[in-house]
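Reader: I am new to this structure and would love a close look at one part of it. Could you pick a spot, walk me through it, and then show me the strands around it?

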Amino acid sequence: MRLTATQLAIPEVILLEHEAFEDDRGYFMEVYKQDVFRDLGLPETFVQLNESRSAHNVIRGLHFQWEPPMGKLMRVAEGAAFLVAVDIRHDSPTLGRWVGETVTAENRFQLWAPAGFARGLCALTENTRVQYLCTGMYDASAESGILWNDPEIGIRWPVPEPRLSSKDQTAQTLREWLSRPESKFFSVAQAV
C-alpha cells in the first residue's frame, strides 16, 4: 500500500497520507509498516501505544518527555482533531514555531513529530479518539508541558473557549521551559 509523506512548515514534522482499500463494507489500510517507514526516514520501532478519548472542545497539551526522548506518531481513530506540534529544541532555527493539521477518522492522516516537540490536540467532535505511537516509554518524572495559549507561540486553536485539565491550564511557558536545565536534552542533532 502506498504511503505519502509530506514535510510541513517545520521539516521534521511530517503529515502521512495512507492509501486505503474501500468498498461497501468499509475500508482497510496499513497504519504502520516497518520497511515503508524506514524507507521514508521515519522511526521503525515504537515501544508504546497510547489512546485518548476527548469531548468536543477539549484541548490536551502541549506535552513532551525528555528522558527517554519520545517522538509521537498521532492519528485520529474516531472523530476529528486539530493536531499541533511546537518546536521546543533550544538550538533550532524554528524554536517556538508550531504547525497544526486537522486530522479526521475519514481522511486517515497521521502526524509525526519527533522528540524535541511539544504535542497537543483539540477535539473537534464529541468522543474524539486519538492514538499515539511513541518511540519512548512513558516516565512521569521526565515529562512536562508548555502552556496551550503561550502568547510567544501564538497557536491559533479552532475553539474560543476550550475545556482544559488543571495541569494544562497551569503549564509553564516556552520561555520558562528554556530556562530549565532539562531543556538542553533537546537539540536539532538529537531528534528521535
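Author: Happy to! Let's start at Ser92, which lies in the loop between β8 (80–87) and β9 (98–104). Please keep in mind that this is a predicted model. Is Ser92 buried or exposed? Its relative accessible area is 9%, and the limit for calling a residue buried is under 20%, so Ser92 counts as buried. Which residues does it touch, once its neighbours within four places in sequence are set aside? Ser92 is in contact with Asp87 and Val188.

Now step from the loop into strand β8, where you will find Ala85. Ala85 is buried too, with a relative accessible area of 0%. Not counting residues up to four places away in sequence, Ala85 touches Val13, Arg97, Trp98, Val99, Ala113, Phe117 and Ala118. Take Ala118 from that list: 33 residues separate Ala85 and Ala118 along the chain, yet their C-alpha atoms are 5.6 Å apart.

Next, let's see where β8 sits. An open sheet of 5 strands runs in the order β9-β8-β11-β6-β13, with antiparallel pairing. The edges of this sheet are β9 and β13 (143–145); each has a single partner strand, so one side of each is left without a neighbour in the sheet. On average, and ignoring direction, neighbouring strands here are turned by 25° against each other. If you wonder what holds such strands side by side, strands of a sheet pair through backbone hydrogen bonds, either parallel or antiparallel.

For a concrete pairing, follow β6 (residues 59–65): 3 bridges join it to β13, and the two strands run antiparallel. Within that pairing, His63 has Gly145 of β13 as its bridge partner.

There is another sheet to explore. This open sheet has 6 strands in the order β1-β2-β10-β7-β12-β5, and its pairing is antiparallel. Here β1 (3–7) and β5 (48–54) stand at the edges, each with a single partner strand, so one side of each has no neighbour in the sheet. From one strand to the next, the twist averages 25°.

Inside this sheet, look at strand β2 (residues 14–18) and strand β10 (residues 110–113), which run antiparallel and are joined by 3 bridges. Ile14 has Trp112 as its bridge partner in β10. To link this back to our earlier stop, find Ala113 in strand β10 (residues 110–113): Ala113 is one of the residues that Ala85 touches.

Terms used:
Residues are numbered from 1 along each chain as its sequence is written. This is a predicted model: local features need pLDDT of at least 70, side-chain atom pairs count only at pLDDT 80 or more; totals for chains, interfaces and linings use all residues. Side-chain values use heavy atoms; hydrogens and water are left out. Helices (H or I, at least four residues) and strands (E, at least two) are DSSP runs, numbered from the N terminus. Buried means under 20% relative accessible area, exposed over 50%, partly exposed in between (1.4 Å probe, protein chains only). Contact means heavy atoms within 4.5 Å. Two strands pair if DSSP finds at least two bridges between them. Axes are lines fitted to C-alpha atoms, for helices over the stretch in contact, and angles run from 0 to 180 degrees between N-to-C directions.
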